[in-house]
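Reader: I would like to learn how to read sheets and packed helices in a model. Please take me through some cases.

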Amino acid sequence: MFAQLGLALHYGLTILLSAFLLFQVQPIIAKLILPWFGGSASVWTACMLFFQMLLLLGYLYSHFVVRLLGARQQSLLHIALLGASLLLLPISPSADWRPSGGEDPTPRILALLTVTIGLPYFVLSTTGPLIQAWFAREKPGAVPYRLFALSNFGSLLALLAYPVAVEPYLPTRWQSGWWSALFAVFALLCGLLAWRGRHGGPALDPVAHAKVAAPTLPLRLRWIALAACPSILLVADTSFLTANIAPIPLLWVLPLALYLLSFIFCFERRGWYRRGLFLPLLALGLGAMAYLPTLGVSALPIYLAMGINLAAFFAACMVCHGELARLHPHPSQLTGYFLMIAVGGALGGLFVGVVAPYAFTGNFELSIGLVLTALVAAWVVMGDHVFASSRRRVLAWAGAASVVLGIAYVSVSEHLDDLDGARVTARNFYGTLRVLDGGEGEDARRSLMHGQIVHGRQFQAPERQDWPTAYYSQDSGVGRALLAKAAMARSGPLRVGVIGVGIGTLLTYGRPGDSFRLYEIDPLVMQLARSEFTFLSRSKASTEIVIADARLALEREPAQQFDLLVVDAFSGDAVPIHLLTKEAFASYFRHLKPQGVLAVHVTNRFLDLKQVVKAAADHFGWQARLVGTAADGERLVYRSDWVLVSADPQFFAQPLLAEAASIETSPGFRLWSDDYSSVLAVLK
């Protein structure tokens with residue numbers, strides 16, 4: 001009995017640890033290379049693409065190894081792979097992979113990840129289906145699918161542990177070290193299981209396997225579709241939540257946690273999924289998710305809107321994963337089953353992450369995911385249900401069709417309204433941008449929006465077109481800094497750098513002889529700033545435009561000798577941390593004149609970023625002051641917070657900066673660096 005218990009613990013610990021390491025290495029390696037590639041969305045997308053494809057390859061390996069090789073061959077091959085992967089530890093990307101120019105980083109990132117963690121990650125990705133197949137071979141009467149629930153529990157544990165217990169306390173180089181140590185423990189545990197099974201029988205008993213009908217093509221398609229729908233909803237709904245409901249940092253953790261939790265509930269032995277409960281919840285939930293975008297941003301309290309959305313998403317995951325669990329095959333078909341699940345997950349991720357940004361002009365993937373989920377659920381549930389009469393069958397299909405058509409109608413109507421209400425809608429790799437017109441007469445205005453985030457607003461009346469609006473009024477921190485520097489220069493020209501252009505509002509401060517050097521990572525933003533707004537064309541200052549990640553560009557450029565450098569990239573939820581580290585500030589200060597000023601925009605509902613700037617200023621011996629401004633709706637001015645940093649005491653003695661306040665940091669607050677940062681440390 002104790003031997004059997006020990007064996008079960010051995011299998012369970014191995015699969016739990018492998019899943020934990022799979023989900024821990026993703027943020028660790030991404031954070032290690034983030035500063036090298038500018039911290040742009042392409043870094044995260046390339047990493048996710050790599051992880052999804054390698055996970056699929058791992059499941060493919062497991063399927064064919066179990067199908068084609070005997071127990072001894074499986075054992076020796078997998079032990080060899082485990083040994084080879086140990087030779088690549090610790091995971092530490094070489095500095096030789098740093099980009100030298102502004103080329104597309106995706107191929108270099110994929111190559112870097114392949115060389116650095118490709119084999120260890122591949123070995124980890126094989127563990128789930130392979131270990132379950134070995135367990136089914138060694139204990140024929142046991143149900144191996146419970147190990148799948150345990151695997152997802154390990155993934156969930158890793159997901160929650162990283163932002164709470166790992167990132168706030170360990171520098172990234174230490175994270176790499178402890179991950180490598182845990183991988184060595186996993187390799188030992190997995191290697192022992194492989195060695196133990198070298199004399200076992202075939203994973204697929206030929207006699208038993210012959211009695212089990214092979215999965216039909218329609219069944220395989222059901223597996224793929226049921227896995228693809230939650231994958232689409234996961235990525236698309238996370239994007240919708242952060243862009244349209246609540247740009248809260250780390251909000252992406254909640255949908256992913258619910259996604260994994262649904263796997264655990266559905267594949268746990270008792271199976272918590274019940275059609276009678278969750279199918280009605282699915283219909284209500286999909287309807288709610290389709291209807292929420294039709295409401296205004298402030299129509300519902302933030303947490304109520306989030307709660308409705310996440311509850312509906314969880315119901316969709318429970319139905320899809322519950323039906324997957326109901327359709328699980330005989331253990332002899334286990335690896336093929338998990339391979340189809342991996343194919344579905346990868347297809348969903350590719351659709352949202354790679355196809356949608358280039359195929360669509362708007363964010364249509366969530367609506368597509370809702371309709372597909374309703375269709376797939378109806379197809380799967382109705383397809384295997386035995387109806388008491390043809391009348392009931394017709395009524396059931398009519399009800400399902402009504403739900404699908406209702407969701408499609410609401411979604412299409414909402415997208416048509418969005419397109420009709422927008423002057424321009426355009427999308428690229430970095431997101432969807434909309435140009436909106438509003439107001440009448442002298443209050444007529446034009447806005448550039450990315451979800452809830454306002455990139456800038458401009459009055460349309462000729463006499464008001466040069467008014468600085470939004471976060472850049474003359475009372476704002478950056479406005480006061482520009483006016484103070486102009487006064488100190490005694491009408492001499494100023495050289496100004498701007499990171500994050502928006503629609504170019506700051507160019508209203510430009511005077512003849514001044515020069516503005518603008519850094520913008522998104523070429524679509526610059527295109528719309530030129531074509532739909534006039535701040536760039538009407539400015540009296542000369543302008544230079546650099547389309548690149550600002551930090552990478554500044555690291556390559558000689559010292560620019562800026563009188564003022566404006567860093568304005570932190571008002572949204574996706575805070576580019578690489579622009580707030582010690583190394584980034586060192587680059588900023590290198591480009592400033594000795595009496596130069598750094599202005600950092602820290603307006604944020606959820607993050608207290610002024611502490612980060614203050615800690616960096618203290619580290620380099622510069623002074624930091626906070627300038628806060630109240631909103632003024634008549635002038636299209638928003639509440640704003642700017643931190644001004646300078647080593648020149650005369651700058652803060654200017655009358656315009658008399659109200660600049662000192663900044664206090666929390667006890668024990670740590671300076672951010674490329675090796676350490678923690679969003680939790682600055683949550684309000």
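Author: What follows goes through two sheets, two helix pairs and a buried helix in this predicted model.

Reader: In what order do the seven strands of the open sheet lie?

Author: A sheet is read across its strands. Here the order is β7-β6-β5-β8-β9-β11-β10, with mixed pairing. β7 (542–547) and β10 (623–629) are the edge strands, each pairing on one side only. Neighbouring strands in this sheet are turned against each other by 15° on average, direction ignored.

Reader: How many bridges join β10 to β11?

Author: Seven bridges do, and β10 and β11 (residues 640–646) run antiparallel. To find the register, take T629, whose bridge partner in β11 is S640.

Reader: Which strands does helix α20 touch?

Author: Helix α20 (residues 610–620) packs on the sheet and touches β9 (592–601), β10 and β11. The direction of α20 makes about 5° with that of β11.

Reader: And the other sheet: in what order do its four strands lie?

Author: As for side chains, in a regular strand they alternate between the two faces of the sheet. The four strands form an open sheet in the order β1-β2-β3-β4, with antiparallel pairing. Its edge strands are β1 and β4 (453–459), and each pairs on one side only.

Reader: Which residues stand opposite each other when β2 pairs with β1 and with β3?

Author: On one side, R427 stands opposite T432 in β2. On the other, G438 stands opposite R445 in β3. Strand β1 (residues 424–428) is joined to β2 (residues 431–438) by five bridges, and the two form a hairpin with two residues between them. β2 and β3 (residues 445–450) also pair over five bridges, in the antiparallel sense.

Reader: Which helix lies across β1, β2 and β3?

Author: Helix α16 (residues 523–532) does, running at about 160° to β1.

Reader: Now the helix pairs. At what angle do α4 and α6 pack?

Author: Two packed helices are described by the angle between their axes and the distance between the axes. For α4 (residues 106–138) and α6 (residues 172–196), the angle is about 30° and the axes are 11 Å apart. The crossing is left-handed.

Reader: Which residues of α4 and α6 meet there?

Author: From α4 come P120, V123, L124, T127, I131, W134 and E138; from α6 come W179, F183, F186, C190, L193, A194 and R196. By class, this contact has eleven nonpolar, one polar and two charged residues.

Reader: How do the axes of α11 and α13 cross?

Author: Helix α11 (residues 302–326) and helix α13 (residues 365–383) cross at roughly 35°, and their axes come within 11 Å. This crossing is left-handed. A316, V319, C320 and E323 of α11 make the contact with T373, A377, V380 and V381 of α13. Those residues divide into six nonpolar, one polar and one charged.

Reader: Last, α9: is it mostly covered or mostly open?

Author: α9 is mostly covered, with twelve of its 15 residues buried. The buried ones include L256, Y259, L260, F263 and F267. α9 (residues 253–267) reaches 21 Å from its first C-alpha to its last, close to the 21 Å expected at 1.5 Å a residue.

Reader: Why does R173 count as exposed?

Author: R173, in helix α6, counts as exposed because its relative accessible area is 51%, and the cut-off for exposed is over 50%. R173 and the buried L260 are 87 residues apart in sequence and 28 Å apart in space, C-alpha to C-alpha.

Notes:
Residues are numbered from 1 along each chain as its sequence is written. This is a predicted model: local features need pLDDT of at least 70, side-chain atom pairs count only at pLDDT 80 or more; totals for chains, interfaces and linings use all residues. Side-chain values use heavy atoms; hydrogens and water are left out. Two strands pair if DSSP finds at least two bridges between them. Axes are lines fitted to C-alpha atoms, for helices over the stretch in contact, and angles run from 0 to 180 degrees between N-to-C directions. Contact means heavy atoms within 4.5 Å. A crossing is left-handed if the near helix is turned anticlockwise from the far one by less than a right angle, and right-handed if clockwise. Ala, Val, Leu, Ile, Met, Phe, Trp, Tyr, Cys and Pro count as nonpolar, Asp, Glu, Lys and Arg as charged, and the others, Gly among them, as polar. The expected span of a helix is 1.5 Å times one less than its number of residues. Buried means under 20% relative accessible area, exposed over 50%, partly exposed in between (1.4 Å probe, protein chains only).
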